[in-house]
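Here are my notes on this one, in the order I'd go through them with the viewer open. Have a look at the structure first, then read on.

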Amino acid sequence: MVAEKSGPSFASILTIVSIVMYTGGFVRIELEFNKQKDKIHQLESAVESMKTSNDDIAQVNTILRNRRSDYSTNNKTENKRTSHETFTPGKLVSELRQKLCQSNTDRGCQGLPGPPGPPGPRGERGKRGRSGSKGKTGNKGDNGIIGPPGRSGKQGIMGPPGWKGETGLKGEKGDTGTAGMKGAKGEPGESIAAPTVAVSPAKMTVNESKTTSFQCSVSGNPKPVSTWSKLEGKSEKILSATTDGKLILANAAGSDSGVYKCSASNILGQQAQALVHLVVNVHPRISLNPGPRHAIQGSNFTLPICHVTGYPTPVVTWKKSSGLLAQGRVRYNNSMFQILQVRKEDSEFYICSAENLLGRVEKKTLLVVVSLPRFTSKPPSKIVSILNCTMRLNCSAIGDPQPIITWRKQEGQLPVGRSQQINGSLVITNLQQSDAGNYICTATSASVLDVEAVTTLEIQKGEIIFENYNC
């Protein structure tokens, strides 16, 4: 298993960087000393060129010797000095110039340096150094001092009320107090009176679906209590009313017509009452079977009853939807309408009308006059046949409307799969002994009027030849 290669640690990098920085610092100091030595040599050359006295030269040499000793001392203690104690060549030149001027008062000295020249152009921006490695996260500091308490919050919503406590024990009865002073004599009270009742109006007529009311006023001492009721034969139906004794009937109907009673009573046990009458006018209404109804030609026929309701009692009339009623052959009395010896032309819609002061309504019923079907051909009353033969029974009829011919077997059913009806005739094939019995031919007009003809079928064995034999 190959071990993974790890990079240099942060401590190693930090040590290398520190060594490089210190080395750079020493090199820089050495360069600075070389520059200072060059400037001293320049000063010495300048002093030699100047025509000074022996004293001045000796004085300059003394200053230079002193400065050289200072340089050696500064070289040994440079790392211990602070930034403001660093030696500068400009300072040395100014000191030399001051000493020379003081010793040579008869010659002038060089003036002060002129103002600094304008700044040179700005150099190009150096490349950005590499980012250092991220240091380790320091340990979490201790918690700070707890701050002062915050402001109080708003008051919360009131909670539900608590359970009601148990009722405490009843205290002991206190002592009877002293009797108070006798009060003044009161005024005489009202006299007792039996209840009386007054109603208004005594009679009321109103149209249906309207609202009406009756007022019941009572008096007496003590004040009586009033009630409303409706008289229904020998019984009474109690009704609700307002506190001031008013009976209100909203959306009045015909069933609200009748007699109403207001009663009043008090603690004396006596009772007073008054009656009112209500009449409700009701729109006419009709109930009539729309038909159709079928009548046999030549017979007397009564149309369905026309049931009429309403108040005041409606006037009932009959009419034919087209044309006039048959003169001399019609009888009617309000709801009933009869036609004598009906004819084909009497087939029509007949209209029943009902009218009172609130309006008029109509309804109609249909009458259809038909003639009784009549056989033009019917089977014999009896027929005899033998086994395995085929039997055919003919039957036809006329009428208005044209009758429909149907066959059936009395107390049984037609043979399944061996019988069929062809143009009114019944055909049975492969006769069996079970086929014996009565067969009925029915001619029906308008699905309500019919006539019948019955034939008896006998099944015998062997060959039999006589009248009404069929095979």
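1. Start with Thr 212, which sits in strand 3, the run covering residues 212-221. Keep in mind throughout that this is a predicted model. Is Thr 212 buried or exposed? Its relative accessibility is 5%, so Thr 212 counts as buried, the cut-off for that being under 20%.

2. What does Thr 212 touch once its neighbours within four places in sequence are set aside? The contacts are Met 204, Val 206, Leu 247, Ile 248, Leu 249 and Leu 278.

3. Staying in strand 3, look at the aromatics. Searching the whole structure turns up 5 aromatic pairs. One of them joins Phe 214 and Tyr 260: the ring centres are 6.4 Å apart and the planes meet at 25°, which makes the pair stacked. It ties together distant parts of the chain, with Phe 214 in strand 3 and Tyr 260 in strand 7 (residues 258-265), 46 residues apart. Both partners, Phe 214 and Tyr 260, are buried.

4. Two other ring features are worth a click. Trp 318, Tyr 332, Phe 337 and Tyr 350 make up one aromatic cluster. Separately, Lys 364 lies over the face of Phe 349, with 4.8 Å to the ring centre.

5. Now over to helix 1, which spans residues 10-49 and contains Val 17. How does Val 17 rate for accessibility? At 39% relative accessibility it counts as partly exposed, because that class lies between the buried limit of 20% and the exposed limit of 50%. Val 17 also belongs to a nonpolar surface patch of about 280 Å², which it makes with Ile 13 and Met 21. If you're colouring the surface by atom type, that's a handy trio to pick out: Ile 13, Val 17 and Met 21.

6. Finally, the overall numbers. The protein chain has 3 helices and 24 strands. It has 471 residues, and 26% of them count as buried; Thr 212 is in the buried class, as are Phe 214 and Tyr 260. Taking contacts between residues at least 6 apart in sequence, 65% join residues at least 24 apart. As for the surface, the chain exposes about 34,600 Å², with carbon and sulfur atoms supplying 53% of that area.

Conventions:
Residues numbered from 1 in each chain as written. Predicted model: local features only at pLDDT ≥ 70, side-chain atom pairs only at ≥ 80, totals over all residues. Heavy atoms only, no water. Patch = residues over 30% accessible without salt bridge, like charges linked within 9 Å, V, L, I, M, F, W, Y side chains within 5 Å. Areas by Shrake-Rupley, 256 points an atom, 1.4 Å probe, with all protein chains shown as cover. Salt bridge = Lys/Arg side-chain N within 4 Å of Asp/Glu carboxyl O. Helix = DSSP H or I, 4+ residues; strand = E, 2+ residues; numbered from the N terminus. Buried < 20%, exposed > 50% of the residue type's maximum accessible area, 1.4 Å probe, protein only. Contact = heavy atoms within 4.5 Å. Phe/Tyr/Trp six-rings, centres within 6.5 Å; stacked < 30°, edge-to-face > 60°. Lys NZ or Arg CZ within 6 Å of the ring centre and 35° of its normal.
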